[in-house]
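The following questions and answers examine the fold, the helix packing and selected residues of one protein model.

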Amino acid sequence: MGAVVIYLLIIAGQVAYAIYDNPTPFKDNTYAFDYLFDTVQPLGVDETMIGAIAIFLFVPIIGAALAIYIKNNHELYNVVGRTGWKKFFARNISYTFLGGVGLYWLGCLLEGLIISIFYHGFVYMPYNEIILIRGDNYLSLNNLANLLIKITLFGIGWGIYAVFIFSVALFVKKNSMCLFLGPVVGFMITLTENISSDIGGTLFIVSNIWDTTNIINPLENATVENPSPAIYYLNYATTAVFYITLTAVLLRIWYMKNVERG
């Protein structure tokens, strides 16, 4: 609960910074809420370094913390002896996924409330021509559907990333090191992505598959200029399948390693 409170306080501070950084909009600016909400999302123009570290630090580990603690404090076999391996994996993967999704959605709810109260309320537009005029990235021209699709997809993406971090944490024997896996692994992925971008060519295209941006904020990433929504959905699905497959492989390796130990 303490970690959740700290995370939400950081989120509130990040939104406050975004409001300070952007002039108060006119009352008839129907796109103001959508604009500011996008800027505080991961990789948005008003995302702070503290906010970026916080989301990678807290979101992946909240649901996995208990399982990692049990594993690193020599209580794993006692728990597995009572519940079985199948239930241990199913329960903790579920906790990790739902913890990541839930914490991200909770942060989005807080962002929306603060923006509505202190900046500009949400204005429903069934067909948002402003998106096309501005050239903004979008998943739907209905701005309510666009907002809900983003929150849903990004939340599921964070849940997938959280389960991946859980699978990596199973191989790490120190609780303190597991705590920082989210931002460390995220930084390493970003670093390799930037290096491949500089090299370009086929390597850049292939590296796009493991770019976590595709599942935590696909609108900030695309391999072509001014892509249609279909490109974002395709990138999202490809990266999601990649991380789900990689997670399954890591879980299988760790399981076989422990079964062979008896």
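A residue counts as buried under 20% relative accessible area, as exposed over 50%, and as partly exposed in between. The model discussed here is predicted.

Q: Is Leu43 buried, exposed or partly exposed?
A: Leu43 is placed in the loop between α2 and α3. Its relative accessibility is 43%. Buried requires a value under 20% and exposed a value over 50%. Leu43 therefore counts as partly exposed.

Q: Which residue other than glycine, in the loop between α2 and α3, has a positive phi?
A: The phi value concerned is near 75° and belongs to a residue other than glycine. The loop between α2 and α3 is the place of this residue, Leu43.

Q: How many helices are there in the protein?
A: Read along the sequence, the pattern is α-α-α-α-α-α-α-α-α-α-α-α-α. The number of strands is zero, and the number of helices is 13.

Q: What is the radius of gyration of the protein?
A: The C-alpha trace spans about 65 × 45 × 30 Å along its principal axes. For 262 residues the globule rule gives 18 Å, and the radius of gyration is close to that, so the protein is as compact as a globular protein of that length. The radius of gyration is 20 Å.

Q: What percentage of the contacts between residues at least 6 apart in sequence join residues at least 24 apart?
A: Burial gives the background: 47% of the 262 residues are buried. Of the contacts between residues at least 6 apart in sequence, the share joining residues at least 24 apart is 71%.

Q: Why is helix α2 described as largely enclosed by the rest of the structure, and how many of its residues are buried?
A: The buried residues of α2 are Ala32, Phe33, Asp34, Leu36, Phe37 and Thr39. What covers them includes α1, α6 and α8. Helix α2 comprises residues 32-39 and is largely enclosed because the number of buried residues, out of eight, is six.

Q: Are α1 and α3 roughly parallel or roughly antiparallel?
A: Helix α1 (residues 2-21) and helix α3 (residues 49-58) pack with their axes 10 Å apart, at an angle of about 155°. Angles over 145 degrees count as roughly antiparallel. The orientation of α1 to α3 is therefore roughly antiparallel.

Q: Is the crossing of α1 and α3 left-handed or right-handed?
A: On the α1 side the contact is formed by Ala3, Ile6, Tyr7, Ile10 and Gln14, which meet Ile50, Gly51, Ala52, Ala54, Ile55 and Phe58 in α3. By class, these residues are nine nonpolar, two polar and no charged. The crossing of the two helices, α1 and α3, is left-handed.

Q: What is the orientation of α6 and α8 to each other?
A: Helix α6 (residues 85-118) packs against helix α8 (residues 143-169) at about 140°, with 8 Å between their axes. Roughly antiparallel requires an angle over 145 degrees. The orientation of α6 and α8 is therefore oblique.

Q: How many charged residues does the contact of α6 with α8 have?
A: The residues of α6 in this contact include Phe97, Tyr104 and Trp105, and those of α8 include Phe154, Trp158 and Phe166. The contact has 14 nonpolar and six polar residues, and the number of charged residues is no more than none.

Q: How far apart in space are Leu246 and Phe26, C-alpha to C-alpha?
A: Leu246 lies in helix α13 (residues 229-261) and is partly exposed, with a relative accessible area of 29%. Leu246 and Phe26 are 220 residues apart in sequence, and their C-alpha to C-alpha separation in space is 48 Å.

Terms used:
Residues are numbered from 1 along each chain as its sequence is written. This is a predicted model: local features need pLDDT of at least 70, side-chain atom pairs count only at pLDDT 80 or more; totals for chains, interfaces and linings use all residues. Side-chain values use heavy atoms; hydrogens and water are left out. Axes are lines fitted to C-alpha atoms, for helices over the stretch in contact, and angles run from 0 to 180 degrees between N-to-C directions. Helices (H or I, at least four residues) and strands (E, at least two) are DSSP runs, numbered from the N terminus. Angles under 35 degrees count as roughly parallel, over 145 as roughly antiparallel, 65 to 115 as roughly perpendicular and the rest as oblique. Contact means heavy atoms within 4.5 Å. Ala, Val, Leu, Ile, Met, Phe, Trp, Tyr, Cys and Pro count as nonpolar, Asp, Glu, Lys and Arg as charged, and the others, Gly among them, as polar. The radius of gyration is taken over C-alpha atoms; the globule rule is 2.2 Å times the number of residues to the power 0.38. Buried means under 20% relative accessible area, exposed over 50%, partly exposed in between (1.4 Å probe, protein chains only). A crossing is left-handed if the near helix is turned anticlockwise from the far one by less than a right angle, and right-handed if clockwise.
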